[in-house]
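Visitor: I'm new to this one, and I'd like a close look at a single part. Could you start there and then work outwards?

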Amino acid sequence: MTSQSPHVDHELVQAAADVARTRCRGDNHTMASAARARDGRILTAVNAYHFTGGPCAELVLIGAAAAQGVYELDTVVAVGDRDRGVVPPCGRCRQVMLDYFPALKVIVGEGDRMRTVPITDLLPESYVWADHRLDAEQG
Ligand SMILES: [Zn+2]
C-alpha cells in the first residue's frame, strides 16, 4: 500500500483495505472492494462467499452502488482480508465489469507495482454479449 504511482487512487485502495481489515469475518466475507463513482463518491462492499457460487466483492459492489443510485463507476479495486493486499479480479468479475462499465479502470498489483489499468486490458479478445452488441449498433 505504499506505491507512489501517480496513477493509483490510493484513497480508494485505503478504503478497500479498511473494509477488508474491519468488516471481513470468517469464511463468509474474505474480500473487500471499493469503487470511485463518477461523482467522486467512494462505495465499498464485501463478498458473500458460498460454495454454490456466492458473489465476489466486485459483484456485490455493483449491486450496492445501484442501490444507492450510482450506475457509473470510474475505478475499482479489491483487497483481501488477513493483509493480502490488492487482489486482481477473477475471470467472471472481469467479464461482468467489462459488460457493465466498458470504460472502467481497475487497480492491480502490489506495492511499487501497483497500477491502474483499463478493464479491457484485463480481458483481451473478450466475448461481447450479443445483446450489448445490438445496443451499441443502435447507438
Ligand atoms: Zn470475482
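Visitor: In which sense do strand β5 and strand β6 pair, and over how many bridges?

Guide: Sure, but keep in mind that this is a predicted model. Strand β5 covers residues 105-108, strand β6 covers residues 115-118, and the two pair in the antiparallel sense over four bridges. To see one of the pairings, find valine 106: its bridge partner in β6 is valine 117. The two strands form a hairpin with six residues between them. Glycine 109 in this hairpin has a positive phi near 85°.

Now for the surroundings. UniProt, in an unreviewed entry, places a feature called "domain: CMP/dCMP-type deaminase" at residues 8-130. That span is 33% helix and 24% strand, and its end C-alpha atoms are 33 Å apart.

Follow β5 inwards and you reach the largest nonpolar core, which has 38 residues. Among those with the most contacts inside this core are Val13, Ala16, Val77 and Val79. β5 is one of the elements giving two or more residues to the core, along with α1 (10-23), β1 (31-37), β2 (42-46), α2 (57-67), β3 (73-80) and α3 (91-100). α1 gives the most, with seven residues. In general, nonpolar side chains in soluble globular proteins tend to be buried together.

So what does α1 look like? This helix has 14 residues and reaches 19 Å from its first C-alpha to its last, close to the 20 Å expected at 1.5 Å a residue. Its buried residues are Leu12, Val13, Ala15, Ala16, Ala17, Val19 and Ala20. β5 is part of what covers them, and the cover also includes β1, β2, β3 and β4 (85-86). For a single residue's view, take alanine 16: leaving aside its neighbours within four places in sequence, it is in contact with Ala32, Ser33, Ala34, Thr44, Val77, Ala78 and Val79.

For one last stop, try valine 70, in the loop between α2 and β3. Is valine 70 buried or partly exposed? It counts as partly exposed because 17 other C-beta atoms lie within 10 Å, while a buried residue would need 20 or more. Leaving aside neighbours within four places in sequence, valine 70 is in contact with Ala37, Arg41, Leu43 and Ala65. Arginine 38 is 32 residues away from valine 70 along the chain, yet their C-alpha atoms are separated by 8.4 Å.

Conventions: Residues numbered from 1 in each chain as written. Predicted model: local features only at pLDDT ≥ 70, side-chain atom pairs only at ≥ 80, totals over all residues. UniProt positions renumbered as here; feature names shortened; annotations may be inferred. Pairing = 2+ DSSP bridges. Core = buried A, V, L, I, M, F, W, Y, C linked by C-beta atoms within 7 Å. Buried ≥ 20, exposed ≤ 12 C-beta atoms within 10 Å, placed from the backbone. Contact = placed C-beta atoms within 7 Å. Expected span 1.5 Å × (residues − 1).
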